[in-house]
Amino acid sequence: MTPGGVAIVKDLVLVGGGHAHVAVLRSFGMKPMPGVRLTLIARDIETPYSGMLPGFIAGHYRFAECHIDLGPLAAFAGARLYHDEAIGIDRAKRHVLCAGRPPVPYDVLSLDIGSRPRQHDVPGSAEHTTPVKPIDGFAERWAEIVARVTADNRPLRIGVIGGGAGGVELTLAIHHRLRALLRQAGQDPDRLTFVLVTAHELLPTHNQKVGRIFARVLAERGVEVHTKSPVRSVEAGTVIASKRIALDEILWVTQAGAAQWIRESGFDCDDGGFVKVHDTLQTVSDPAVFAAGDVAAVETHPRPKAGVFAVRQGPPLTDNLRRALAGQAPRPFTPQSKFLSLISTGDKYAVASRGGWAAEAGWLWTLKDWIDRRFMDKYSDLPVMRTAPVAAVPSAGVADAAALQELSTIAMRCGGCGAKVGSTVLSRVMSRLAVIQRDDVVIGLNAPDDAAIVRPVPGKALIHTVDYFRAFIDDPYVFGRIAANHSLGDVYAMGGEPQTALAIATVPYGIESKVEDDLFQMMSGALTVLNEAGAALVGGHTSEGAELALGFAVTGAIAENEALRKGGLMPGQALILTKPLGTGTLFAAAMRRQARGIWIDEALASMQVTAREAATCLRRFGATACTDVTGFGLLGHLVEMTKPSGVEAEIRLGALPLLAGAVDTVRAGIFSSLQPQNLRLRRAIRDGEALKDDPRYALLFDPQTAGGLLAGVPEAAAAECVAELRRLGYIAAAIIGRVLPSGDAAEPIRVVA
Ligand SMILES: Cc1cc2nc3c(=O)[nH]c(=O)nc-3n(C[C@H](O)[C@H](O)[C@H](O)COP(=O)(O)OP(=O)(O)OC[C@H]3O[C@@H](n4cnc5c(N)ncnc54)[C@H](O)[C@@H]3O)c2cc1C
C-alpha cells in the first residue's frame, strides 16, 4: 500500500540520495501521488550537502549541520529506504541491480548518484592518493588525514591535486583547519606546507578576476601553487607533474568521472561516461529513466559538475517524474546560463563570481552561510503533514487502464481462501527462490504436497517454535531477514540446530506484479537467513492483507538432556547479554520521524545478526541457562529465568549494551506501544525507585525484535566468554549483572547504577 492506503500501481525508484533527489522526496512528502510507491536506494544514509562541505572541513560546521538525514526524509516522503548500492540497470526487465539484495523493479527510474574521481588515466593515483569524490564518505577519509597529520611533530607536505573551485576551496579549508588544530595542540603550524597542483590556471571555469583573487589569497597563506602542471603519474610520496613534487598526503580533486556501471547498463554516455539526458532530464536512451546532478550530461545545456546545478534540477526533475508517472510528456528545463557562485577562503570570507563579475568580502561568507543553512533547514525541519485522505482507487492520471481494471477486482476479494495469494503468483515466486535441500526432508518444496514430511534427526528430540509479526519497516527484503532471524532465535536459545521452517506470510493487496515482487523480496531476504542456518523451507501459507507480515514455524533438533532451559541459572554466575537493547524505542521514534537514519540502520544491522555462534560460544563457556530477549524486554525475560531457577539477579545499568540513539529517544519520551505492558513487571524490582529516572532503567522494559541471548555463565569464565563473543562479531556483548542466591525479598531483581 502507498502512504494514503491506496494500492500500488506504479513504482518510482530513486537511485542515490543526491542534491536533486532530496527535492523529489520532499515534494512527494508534501504532495503524494496516489498509487505511486517511492523507493530510494541509497549507499549512504546521511548525504552531504556539498555547499557546506568546505566549511565542515574548515571546522565551521558540525557533521549533522551539513549532512541530510535520508531516514526521516524518506519517511516523510512515504518512501521505502533501501540502504544498498546500485551496481547496474537491467533496462529490458526494468530492474535496478543492487549489491546486497534481489533486483528492485521500477516503472520510472531516476539516477542522482553524483560522480567519482577520474583516476584511471593517471597511473598510481588510485593507489597513492586520497580521493575527495565521491563526496559521501569524505568525512571519514578526512578524519583519518587529521589523525595522521596530528599524530607526530614532523614537517609534512600536504598536496591537493586539482585547481577548480572544489580543489581551491578544499586547499584553503584544510590549511585553515589543520593549522588551527596544531595551534590548539601546542604544535608549530609552520611544520605543514600546503601545495596545490593543477593542469590549467586556477578556477578555469570562472572569470579571470576570480582566478587572480584566489592566486593572491593562496600566496598570502603561503600555499605553493603549481599551475599548468598536469599530473602524469603518482608514486608513493611523489606526484610527477611538470616536475617531481614530494608530498606526504595527496588529496585528489580533479575532474569528475562517472560510475562504470552506467555505461555498462547500455545508456548513451558522453566522453566522461556521464549519462546523456534531454533538457527534460529524461535519458536519451530510455524514456523510463531520468538522471540529474553530476551523473547527468544535459546535451543541450552542458554545465560544470557542481552541486548548485543538481539542486536547481530538483524541481524540474520532480515535475517531470510526476508527468512520466501520469503518462504525460515531460517538459523541457533551461538552466540559468549565468549564476552566482560563492567560494569560501577557509576563514569565513568568500569570493563571489557571476559571469565576468567578481567581489570578495567577509559578508559574502555570511550570505553564503545564510543561503546554505536555509537549504539545509528545508530538509531538517520537515513540516508535519496531515494524513493523506484514503482514496478508493488512484487518480486516472496515474494508473493505466489495465491496472485500474485489476484494482477494481481487488476491492471485490473476500477473506478466507479468497485472501490467499494466487497460485500462479506463489509458484512464480517459489520458482525464483533457491531453497536448500536436506536429506531428512522427504517431501518438501521440491515435490510440494498437502504437507511436508520430515524425518527426525536420529537420536535427537524435536524443537518446535513459532513467531509471526507485522512489518515495522518498509523494506521487505530486510524485514524478511529479520523475521527469519527472530524465529530461529528460540531454537538457538535452547541450544538446538534448526531443521525446517514453514512460512506464514501476508502481503498487502495490490496489482499482481507488485504483490509478487513484495513476496519475492521478503522471501528472498528470509531465505538468505534460513539457508545459512541450514533450515529447509518446506512449505507455508501466504495471504493478502492490510499490511506486510511474516512469521515462521521452525523445527530444530536437540539432544534432550542438552537443552539450555530458562530455569538453569545458578548463584555465582555472571549474566551475559549478546546484543544491545533499544529496538522498541528506536522504531517507535522512527515512526514519528524522530530517529536518525543511522540509528535505525545500526538497529537493523543488529537485528540481522544470527544468534547461532553466540549460542555455541555461551555453551562452550559453561552456560547453564539461556533465553532470547524479545517482546517482554530484558526484565521480562530475566524474570522468566529467575523464577524457575529459584534465584535472584542483579543488573548493572551502566553495563547494559545499548543501541545508538536509544537513550536519546527514551529521553524524548518515545516508547514502543508494548512498553506500558512490560512496565508492569517493575514490581519484580527491589528498590527501583531511586533509578527510575535514568533512561537506561526504561530500556530494561523495551521490547526487542531479534534481540540478543541472555545467559548465565560461571563468573570465572565470563570475561573470557565476552571477549570471545566480541571476536565472533557480537561487538556489544557484555556482562550485565550477576545471579544471586534466593533471599527473603519478594522482588527477585536488584538494579544498580
Ligand atoms: C571539496 C568539494 C567541495 C565542493 N564544493 C562545492 C560547492 O561549494 N558548491 C557546489 O555547487 N559544488 C561543490 N562541489 C561539487 C559537488 O560536490 C557535486 O557537484 C555535487 O555533490 C553533485 O551532486 P549530486 O546530487 O550529483 O551527487 P552527490 O551529492 O554526490 O550525491 C550522490 C548520492 O548518491 C549516492 N550514491 C552514489 N552511488 C550510488 C549507488 N551506486 N547506489 C546508491 N547510491 C549511490 C551517494 O551516497 C550520495 O549520497 C564540491 C566538491 C568537492 C569535492
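**Reading cores and a sheet**

Guide: Let's start with one pair: Leu 575 stands opposite Gly 737 in S37. Keep in mind that this is a predicted model.

Visitor: Which strands does that pairing belong to, and how do they run?

Guide: In general, strands of a sheet pair through backbone hydrogen bonds, either parallel or antiparallel. Here, strand S32 (residues 573–577) and strand S37 (residues 734–741) run antiparallel, joined by 4 bridges.

Visitor: What is the strand order in the sheet?

Guide: Read it as S33-S36-S32-S37-S34-S38-S35: 7 strands in an open sheet with mixed pairing. Strand S33 (625–628) and strand S35 (685–686) each have a single partner strand, so one side of each is left without a neighbour in the sheet.

Visitor: Which strands does helix H18 lie across?

Guide: Helix H18 (residues 633–645) lies across S32, S33, S34, S35, S36, S37 and S38, and runs at about 150 degrees to S34. Helix H22 (residues 715–727) also packs on the sheet, where it touches S32, S36 and S37 and makes about 135 degrees with the direction of S36.

Visitor: Now the cores. Which residues touch the most other members of the largest one?

Guide: The general idea is that in soluble globular proteins, nonpolar side chains tend to be buried together. In this core of 108 residues, Val 96, Leu 111, Ile 174 and Leu 178 touch the most other members. Helix H6 (residues 165–184) gives the largest share, 8 residues. Domain 1 (10–115 + 258–337) and domain 2 (125–256) each supply at least three residues. Apart from this core lies another of 73 residues, including Phe 479 and Ala 589.

Technical notes:
Residues are numbered from 1 along each chain as its sequence is written. This is a predicted model: local features need pLDDT of at least 70, side-chain atom pairs count only at pLDDT 80 or more; totals for chains, interfaces and linings use all residues. Side-chain values use heavy atoms; hydrogens and water are left out. A nonpolar core is a set of buried Ala, Val, Leu, Ile, Met, Phe, Trp, Tyr and Cys residues joined through side-chain atoms within 4.5 Å. Buried means under 20% relative accessible area, exposed over 50%, partly exposed in between (1.4 Å probe, protein chains only). Helices (H or I, at least four residues) and strands (E, at least two) are DSSP runs, numbered from the N terminus. Domain bounds come from an automatic or database domain assignment. Two strands pair if DSSP finds at least two bridges between them. Contact means heavy atoms within 4.5 Å. Axes are lines fitted to C-alpha atoms, for helices over the stretch in contact, and angles run from 0 to 180 degrees between N-to-C directions.
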